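Please walk through this structure from its strand pairing to its open spaces.

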Amino acid sequence: MAASGRIIRGISSLFSRKCCSSFLPSKSPILSSNAILRYNTTESSPTIKKVDAVATSSLMDFGLYVAECMPKYVQKVQIVTGNELEVLVAPDGIVPVLHFLKDHHQCQFASLADIGAMDVPSRENRFEIIYNLLSLRFNSRIRVKSYTDELTPVDSCYEVFKAADWYEREIWDMYGVFFANHPDLRRILTDYGFEGHPFRKDFPLTGYVEVRYDDEVKRVVVEPVELAQEFRKFDLSSPWETFPNLRTLPAGTEEDLKATQTGPAKQ
Amino acid sequence: MTSLLRKCNTLCNQLLKGCTSHFTVVPRRWLNDTDKSTMTIVNQDTSLGILINSYSRAGFRLSNGMMAIGPIAIFPKSVLSWDVNTAEDINEESLSLFYTLEPKIDILVIGVGNPGQQVSSKIIQYMKEKHISLEISPTETACATYNFLNAEGRCVAGALIPPTQYRISEDDIASTKRRNRDMMKVDDFPIV
């Protein structure tokens with residue numbers, strides 16, 4: 001009797017393996033390692049990245065170390081999205097801080113991955129310059145951020161990282177941020193006679209000029225842009241809630257790690 | 001007589017056979033033109049117009065063999081000397097030639113000499129009103145820009161001022177010496 005019951009339980013478990021198993025309320029430890037019964041594991045949300053508290057705290061320690069070594073220029077150190085370290089510096093200190101991060105033995109961020117910029121027109125210093133560095137020795141990344149406005153030039157870090165050459169040319173071309181002491185600062189992506197800096201927020205999506213081939217003069221001419229149809233902006237929100245599970249997610253907060261010594265800050 | 005002719009004929013045939021046998025061998029992989037690697041030097045293509053071969057403190061050497069001394073105004077088919085001292089001295093009058101031309105040029109490449117020189121913003125505004133795009137850069141890069149804009153076939157003119165500071169490579173020194181037939185002399189301060 002008991003044996004037949006066990007056999008029936010075994011057969012029913014075979015069926016559940018083929019059918020939708022998410023209806024089964026009980027968690028069976030034997031089947032949890034089975035790939036098909038992923039829904040039945042003890043993890044609550046496997047797609048959300050787990051925050052490693054030890055790694056985050058050691059990252060924060062390193063950030064504080066950088067701030068202690070360069071107190072004149074480093075204004076803020078923060079950890080965003082769980083595990084990314086950012087160092088906010090004054091614009092005068094970009095080259096010293098990058099020199100330090102590249103050459104110091106405990107840092108060795110010898111690889112410049114990217115230089116980007118961000119335009120926030122509401123701020124006084126509307127452009128934010130973002131340097132992404134990678135340390136091959138310690139397998140870690142760091143971000144150095146600084147700020148400037150439209151007219152103030154920023155020191156080029158070409159002497160620190162040769163790779164900065166084209167990245168800074170791109171920022172000059174797209175945003176209009178001038179880099180002093182750059183070996184060859186000229187346009188890189190826009191056309192030769194192009195006026196304007198396209199990535200600024202006040203530059204329109206369609207631009208100011210359009211080019212077309214004019215058969216009368218037999219060459220390409222540049223004319224002010226003419227849209228045959230007016231610009232349409234689609235509002236794609238639906239009246240029904242698309243993510244009911246995320247109804248109660250809190251907004252990103254900034255936590256002072258040094259004061260509380262608890263979990264990491266979310267941005 | 002005929003035997004002599006016949007002997008000559010056979011001799012000639014043998015000679016010809018000897019000659020032609022060298023020319024009939026063609027590597028199989030080169031039978032198709034697309035298999036070969038080709039290289040064309042843009043400056044040697046005379047159909048593209050006058051291009052700039054090299055620059056120096058004194059002036060420019062052009063692809064048609066001419067050498068122009070001092071600042072130049074260069075067009076696809078002609079080159080003129082330009083009456084300008086430095087980039088700051090560029091005024092409406094010095095640019096008057098460029099906007100009175102027909103057909104109207106698309107881009108004017110201005111080579112300001114050394115990298116730090118500025119062109120007055122009033123002039124830039126003035127040329128914008130005349131609908132001529134400007135491309136202002138140091139002469140080193142302006143020469144190359146003018147060259148490949150011309151090679152692309154766009155309507156472009158160049159206004160170039162010779163630079164006083166520029167990078168010199170070993171190759172430049174060697175080609176100058178070769179031009180001056182001077183390769184054997186060891187010079188402490190080579191003039192390039």
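Two strands are taken to pair if DSSP finds at least two bridges between them, a strand being a DSSP run of E with at least two residues and a helix a run of H or I with at least four, both numbered from the N terminus. The model is predicted, so that local features need pLDDT of at least 70 and side-chain atom pairs pLDDT 80 or more, while totals for chains, interfaces and linings use all residues. Residues are numbered from 1 along each chain as its sequence is written, chains are lettered from A in the order in which they are written, and side-chain values use heavy atoms, without hydrogens and water.

In chain B, β1(B) (residues 52–55) and β2(B) (residues 59–62) pair antiparallel over 3 bridges, with B:Phe60 as the bridge partner of B:Tyr55. On β2(B), B:Arg61 stands opposite B:Met67 in β3(B), and the hairpin of these two strands has 4 residues between them, where B:Gly65 takes a positive phi near 95°.

The largest pocket (on a 1 Å grid over the protein atoms alone, an open set of points where a 1.4 Å probe fits, with protein on both sides within 12 Å along at least five of seven lines; lining residues have an atom within 4 Å of a point) is lined by 40 residues, with A:Trp172 and B:Ile124 among those nearest its centre. Both chains contribute, since α4 and β7 of chain A and α3 and β7 of chain B each supply at least two lining residues.

The second largest pocket is lined by 27 residues, A:Val209 and B:Ser133 being among those nearest its centre, and β9(A) gives the largest share, 6 residues.
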